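Visitor: I'd like a close look at enclosed empty space here, down to whatever lines it. After that, please carry on outward through the rest at your own pace.

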Amino acid sequence: MGHMLGDTVMDILVRFHRMRGDATVWVPGLDHAGLATQVEVRRRLQKQGVRLEELPREEALREVERWKEEHERRILEQTRAGGFSVDWNRYRYTMDPASVRATREAFVRLHEAGLVYRGERMVNWDPKLRTAISDLEVVHSEEDGALVYLRYPWADGSPGGLEVATVRPETIFGDVAVAVHPGDDRYRTLLGREVIVPLTDRKVPIIADAAIDPVFGAGVLKVTPRHDLVDHEIYQRHPTLPMPPDILDDSGHMTSDWVPEAYRGLDRDDARARTLEDLEKAGFLLRSEPYRHSVARSERSDAVIEPRLSTQWFVRMRPLAAPVVEAVRRGEIRIHPERWERSFYRWMEEIQDWCISRQVFWGHPIPVSHCRACHREIASIDPPKACPQCGSVDLEDDPDVLDTWFTSWLWPFAILGWPERTADLEHYYPTSVLVSGRDIMFFWVARMMMAGYYFRNARPFSDIYFTGMVRDEQGRRMSKHLGNSPDPLDVIHERGADAMRFALVFPNPTDEDGPFGTPALDGGRNFLTKVWNLVRFTLSFVPAGAAPPGVPPALPPSSALENRWVLSRYRRAREEVDRALGEFRPTQAATVLHDFLWHDVADRFVEIAKESLLGRRGEGAQREARETLLYVVERSLRLLHPFVPHVTEELWHALPHADTVLALSPWPAADEAPADPVAEVEMEPLLETIRLLRNLRSEEKVPLDAAPKAWVRPAGPEVERVLSREKATVVRLVRLGSLELLGPSEAVPAGTGRRVAAFGECFLERPVATGATAEALRREREKLHALLEKTRSRLADPGFRDHAPHEVVEEAEAKAAELAERVRRIDEHLKQDGASPGATP
Ligand SMILES: [Zn+2]
């Protein structure tokens, strides 16, 4: 569902820009997900009792290919079913021949520039998958372990020994020293003395290093340079120390002649148990304490990471990162939502060299050969036939493959033909927008930016939009690991692609971690049903052969208020959708369209305009209402198209239309429909009167078939003008017997229910006398009075008056005055009825 969310956002942007006439290209593609894929295939074979590593290479590759093809088919099916308007002619895969070429080219260029190097470095080793993995694939968690205190006996035979604490006793065989802090008075005189590594006869010196924490354990650290990052750094600061052999092999088993015979070949967990047992027997184990500490595990296999000194390929990242940080600071690349900029900068500023070699078989081979004769390292795009240095043909290919991201980071230009200078590359690079889940901000997005500046000397895109993470109805993040994501194909089959798309965008913001499930899908379906019915209703008034709406109907000033109002509302909705999509806020755009179509058009306009549409107000009024409705509905379908392409396309074809497909029709132009602020202002008291009288009808329990009398006392002459003109509409929509407007001092008829609003007062004839009206008024008064008190105490606070902006204070004052007036009027009514009004405001 995370992919569906990203794809939906991309499709909204692409369709919006395509309709606006912008040059758009959306390239679909898949990566080969080297390590992840191999892990999945390994797991599948394991269930059949087969070990992937034991298969002949060809057969293993065939298994992986088969798995890839099944998943590729499924993913592409999801893309098609979701209605995502990608350019299928440009479909790319990170292991297709063009990607192979681009990957080798990039490696060789970086190698020539000295930005790729082979070195012995500490890496995160996954002994289960037998490969190095990147820092980003390591998960840290607090786990319970034991801190054991060991006695390292003095080398000179003196009694006692040095107390050393460790959580990994099995690694003592790789020790080359024990270290203390140079300022630690307890040990100052011991520096230079030697101790014996327990269970062996090897002597190691006591050294001083500032990295030692004097308060951890006994303040003494055993130094195992091949199996710990800090120890390796200490080792580098003390050049006289020897480098030990690896005491753990690539699968985490004890090895080398530094390890006593008894432990060789043991798995590291068994070795730990066995070592502890023997240490205790031999009297070297002083004590053991429960200890909670941070443990690093492999995200792919869950194995505990073995920090390991290993020869790997690295990319120097600092020179690549610098121009990217600069570009973001300058605003050349913008990150949306902006709040992700901080984590972006933090990571970029602390960036480490990137270990790009993987000890798996599924991936691009590292394009390097080693000359066995002169040991030259030959990086070349085409595999070399002979050594360029000594001419020897005795060459050996590098055994490792490249991290998948080493191909993916080239994506923005590799998909356009790079390294060839193709027309596509010239035309579309730099691209505009990258939409991604923020979980791959560093794996992918930041690296694409680095590759863009390095290989193309230009930004890969101008805007990055990070979507949120989709959660399930219980609020858990959907993941492959939890298996709590529905299959998008099932969702589409059951609910339709458009309901799914709308549910992913509305009402939860696409950049927040929102829940996806039945309520959102129901909301999407209900909205689409509303739109469907609105178009069917519209069609019932459109004569056969009617012309498609070209320009907005030219309405005379005398035209019905609702026509002028809905056109003006449409104009505003269009503006807001444009702005929201331009600012990467798809949810805001969807909300505007949802509210406009549902409330303004389907509910209000259609209800009010029905008389005209049915021809009961004459032919001219009928034509104006019909043209207005058709225009607004047709234009709204265009605005809604990027969100729900299937339903809008289908409905649009039922309406009179000129273009061949909605997807390629122009986006409605700005300023096409007239702004009519007067109509918008006038509509308010009309809608409010209808709402209040309807509420009164239901509160007063007026029978459905009754047509009660109503009165309105308008607050001013403008409201009076509007209501006297629109009287018939109110009478019809509230099903009244009559409606009369009262002057400011005119007596209120007896036996009526009352409501007070900003525009005036409403009165409705009661079916039978009840105390409910007085009760409703008292409740209303209580509510208003509480609000008034709150506003007044806010105004009485000197802090508010001194610090709040001028307009805010003024607004609060106006609100207090209005509330006081409304309370006063209610009191008047209650007094007339002989009821007790309550405290005077
Ligand atoms: Zn050579």
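Guide: Let's start with what counts as a cavity: on a 1 Å grid over the protein atoms alone, it is a set of points where a 1.4 Å probe fits but cannot get out, and a lining residue has an atom within 4 Å of a point. Points are joined across faces, edges and corners, and the volume is the space filled by probe spheres set on them. Keep in mind that this is a predicted model, where local features need pLDDT of at least 70 and side-chain atom pairs count only at pLDDT 80 or more, while totals for chains, interfaces and linings use all residues. Residues are numbered from 1 along each chain as its sequence is written, and side-chain values use heavy atoms, with hydrogens and water left out.

By that rule you get two cavities of 30 Å³ or more. The second largest has a volume of about 40 Å³, and its walls come from Leu35, Gln38, Val39, Arg42, Glu53, Leu129 and Val360. That lining splits into four nonpolar residues, one polar and two charged. (Nonpolar here means Ala, Val, Leu, Ile, Met, Phe, Trp, Tyr, Cys and Pro; charged means Asp, Glu, Lys and Arg; the others, Gly among them, are polar.)

The largest cavity comes to about 110 Å³. Twelve names won't all stick, but Leu5, Met469, Val470, Asn508, Glu512 and Phe516 are among its lining residues. Here the split is eight nonpolar, three polar and one charged.

Go back to Leu129 of the second largest cavity for a moment. Ser251 sits 122 residues away from Leu129 in sequence, yet the two are 7.9 Å apart in space, C-alpha to C-alpha. Ser251 is in the loop between α5 (229-237) and α6 (268-281); helices are DSSP runs of H or I with at least four residues, strands are E runs of at least two, and both are numbered from the N terminus. With 17% relative accessibility, Ser251 counts as buried, a label that means under 20% relative accessible area, with exposed over 50% and partly exposed in between (1.4 Å probe, protein chains only).

For contrast, try Ala554, in the loop between α15 (518-539) and α16 (561-582). Ala554 is exposed at 75% relative accessible area, and its C-alpha lies 76 Å from that of Pro307, 247 residues away in sequence.

Next stop, the metal. The zinc ion is held by the SG atoms of Cys371, Cys374, Cys387 and Cys390, at 2.3 Å; a donor is an N, O or S atom within 2.8 Å of the metal (3.2 Å for Na, K and Ca), and water is not among the atoms, so sites may look incomplete. The donor angles run from 104 to 113°, which makes the site tetrahedral, a label that asks for all angles between 85 and 135 degrees. Along the chain, the donors follow C-x2-C-x12-C-x2-C. Cys371 belongs to strand β16 (residues 368-371) and Cys387 to the loop between β17 (377-379) and β18 (395-397), so this pair ties together parts 16 residues apart in sequence. Both Cys371 and Cys387 are buried.

His375, in the loop between β16 and β17, is exposed at 67% relative accessible area. Its phi is near 65°, a positive value in a residue other than glycine. Most residues other than glycine have a negative phi, and most peptide bonds are trans. The bond from Tyr429 to Pro430 is cis, with omega near -5°, and Pro430 falls in the loop between α11 (423-428) and β20.

Strand β20 (residues 433-437) has four of its five residues buried, so it is largely enclosed by the rest of the structure. It pairs with β21 (residues 463-467) in the parallel sense over five bridges; pairing takes at least two DSSP bridges. Val435 stands opposite Tyr465 there.

Last, strand β24 (residues 752-757): six of six residues are buried, so it too is largely enclosed. Thr752, Arg754 and Val756 cover one side, Gly753, Arg755 and Ala757 the other, and all are buried. Its antiparallel partner is β25 (residues 760-765), over six bridges, with Gly753 bridged to Leu764. The two strands form a hairpin with two residues between them.

Technical notes. Four donors count as tetrahedral if all angles lie between 85 and 135 degrees; four count as square planar and six as octahedral if opposite donors are over 155 degrees apart and all others between 65 and 115; anything else is irregular. On a 1 Å grid over the protein atoms alone, a cavity is a set of points where a 1.4 Å probe fits but cannot get out, and a pocket is an open set with protein on both sides within 12 Å along at least five of seven lines; lining residues have an atom within 4 Å of a point.
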